[in-house]
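Trainee: Can you teach me how to read a model like this one? I would like to go feature by feature.

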Amino acid sequence: MRENELSVIQRDGKTLLLAMDHGLEHGPTDFEPVPETVDPETVFDVATHDAVTGMAVQKGIAETYYPSYEDEVALVAKLNGTTNLRMGEPTSPTNMSVDYAVELGADAVGYTLYPGSNHEPEMFAEFREIQERAREYDLPVVLWSYPRGQGVKNDTKDDTIAYAARIGLELGADAVKIKSPGSQEAMEWATRAAGEVDVLLSGGSKVDERAFLRSVRETLDAGGSGLAVGRNVWQREDPERMLDALERVIFEGAAPEAALGRQIA
Ligand code: FBP
């Protein structure tokens with residue numbers, strides 16, 4: 001079996017990726033709740049927390065800001081992305097090559113796939129090239145696997161999420177990032193479906209901190225390896241408090257209430 005290269009974006013076998021590709025995916029409105037986060041340096045500073053094992057950003061952000069953080073933060077170069085301005089079937093064109101990601105100092109690469117979209121065949125073809133090139137560099141590949149499009153009726157149904165996880169295994173990802181299916185049992189099904197591939201929970205819109213930490217606990221208890229999160233960290237006034245709590249939940253096995261309680265005390 002292939003040696004697990006994921007350790008470059010792991011701590012004790014667990015992963016906490018901080019994602020900040022929202023300026024492209026959703027537009028700068030995502031930064032409005034905490035206006036200083038529109039400055040990428042603010043979020044890179046957050047990523048220097050010990051709990052963060054890597055930061056996922058797009059090419060332009062990596063080119064301009066990563067050089068100041070390369071000693072402190074592992075880079076997951078996001079190779080494709082899209083805006084929410086366009087209509088039609090979901091797709092996410094590649095905007096950076098694996099070779100260029102390596103030049104920028106990437107420790108891993110990320111790719112968003114929309115299984116079920118009418119554009120699935122082109123996306124599969126793009127991902128194939130990326131995955132094979134990444135193998136040549138021993139660079140781990142993280143697949144954002146989001147079933148979406150005309151073929152998908154309910155993108156968070158148990159079987160749909162398990163299918164998303166399995167696609168990561170079938171296509172040769174090292175880690176697969178999936179949306180929450182809403183229960184530990186359903187997440188267990190997804191982690192079984194993913195086989196040896198690490199399963200990461202996708203953060204989603206900001207929710208109450210206990211509810212968020214519970215979904216992280218549930219993922220880990222279901223065999224998941226961690227999460228990739230954006231808004232539930234940097235849309236908070238005190239992102240460090242959330243990262244402290246995540247550190248206890250992910251790396252110390254704490255329950256959500258205990259992880260938060262210790263901070264309040
Ligand atoms: P969040 O934790 O903020 O959801 O970020 C994770 C992420 O995968 C980002 O990398 C991406 O920008 C966003 O979610 C895409 O979410 P969606 O396509 O569901 O709007």
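Trainee: Is Gln 150 buried or exposed?

Mentor: Start with the cut-off: a residue is exposed when its relative accessible area is over 50%. Gln 150 has 55%, so Gln 150 is exposed. Remember that this is a predicted model.

Trainee: Where along the chain is Gln 150?

Mentor: Look for the elements on either side. Gln 150 is in the loop between E5 and helix H6 (158-171). Now compare sequence with space. Gln 150 and Pro 90 are 60 residues apart in sequence. Their C-alpha atoms are 9.0 Å apart in space.

Trainee: Which loop holds Asp 138, and how do I class its accessibility?

Mentor: Find the loop between helix H5 (120-136) and strand E5 (141-145); Asp 138 lies there. Partly exposed is the class between under 20% and over 50%. Asp 138 has 45% relative accessibility, so Asp 138 counts as partly exposed. Its C-alpha lies 8.9 Å from that of Ala 108, with the two positions 30 residues apart in sequence numbering.

Trainee: What is the phi of Asp 138?

Mentor: Check the sign, then check the residue type. Asp 138 has a positive phi of about 55°, although Asp 138 is not a glycine. Asp 12 is another case to look at: its phi is positive, about 50°, and Asp 12 is not a glycine either.

Trainee: Where is Asp 12, and is it buried or exposed?

Mentor: Go to the segment before strand E1 (15-19); Asp 12 is found there. Its relative accessibility is 63%, so Asp 12 counts as exposed.

Trainee: What about Ala 51: buried or exposed?

Mentor: Use the lower cut-off now: buried means under 20%. Ala 51 has a relative accessible area of 0%, so Ala 51 is buried. Its place is the loop between helix H2 (40-47) and strand E2 (54-57). Ala 51 and Leu 18 are 33 residues apart in sequence, and 9.8 Å apart from C-alpha to C-alpha.

Trainee: Why does Gly 27 count as buried?

Mentor: Apply the cut-off again. Gly 27 has 14% relative accessibility, so Gly 27 counts as buried. You find Gly 27 in the loop between helix H1 (22-25) and H2. The C-alpha atoms of Gly 27 and Tyr 114 are separated by 20 Å, and the two residues are 87 apart along the chain.

Trainee: Let us turn to the ligand. Where does the ligand sit?

Mentor: Begin with the site, then list the neighbours. The ligand sits in the largest pocket. There are 16 residues around the ligand. Asp 21, His 26, Tyr 146, Lys 177 and Lys 179 come nearest.

Trainee: How many residues of each class are in the shell around the ligand?

Mentor: Sort the shell by class. You get four nonpolar, six polar and six charged residues.

Trainee: Which side-chain atoms lie by the oxygen atoms of the ligand?

Mentor: Take the residues in turn. A polar side-chain atom of Lys 177 lies 2.4 Å from a ligand oxygen. For Asp 21, a side-chain N or O atom is 2.6 Å from an oxygen atom of the ligand. For Trp 144, the value is 3.0 Å, again between a side-chain N or O atom and a ligand oxygen.

Trainee: How much of the ligand does the protein bury?

Mentor: Picture the ligand alone, then put the protein back. Taken alone, the ligand exposes 470 Å². The protein buries 91% of that area.

Methods:
Residues numbered from 1 in each chain as written. Predicted model: local features only at pLDDT ≥ 70, side-chain atom pairs only at ≥ 80, totals over all residues. Heavy atoms only, no water. Near = heavy atom within 4 Å. Polar contact = N/O pair within 3.5 Å; in protein donor to acceptor, adjacent residues only side chain to side chain. Areas by Shrake-Rupley, 256 points an atom, 1.4 Å probe, with all protein chains shown as cover. 1 Å grid on protein atoms, 1.4 Å probe; cavity = no way out; pocket = protein on both sides within 12 Å on 5 of 7 lines; lining within 4 Å. Sits in = over half its atoms within 2 Å of the grid points. Nonpolar A, V, L, I, M, F, W, Y, C, P; charged D, E, K, R; others polar. Helix = DSSP H or I, 4+ residues; strand = E, 2+ residues; numbered from the N terminus. Buried < 20%, exposed > 50% of the residue type's maximum accessible area, 1.4 Å probe, protein only.
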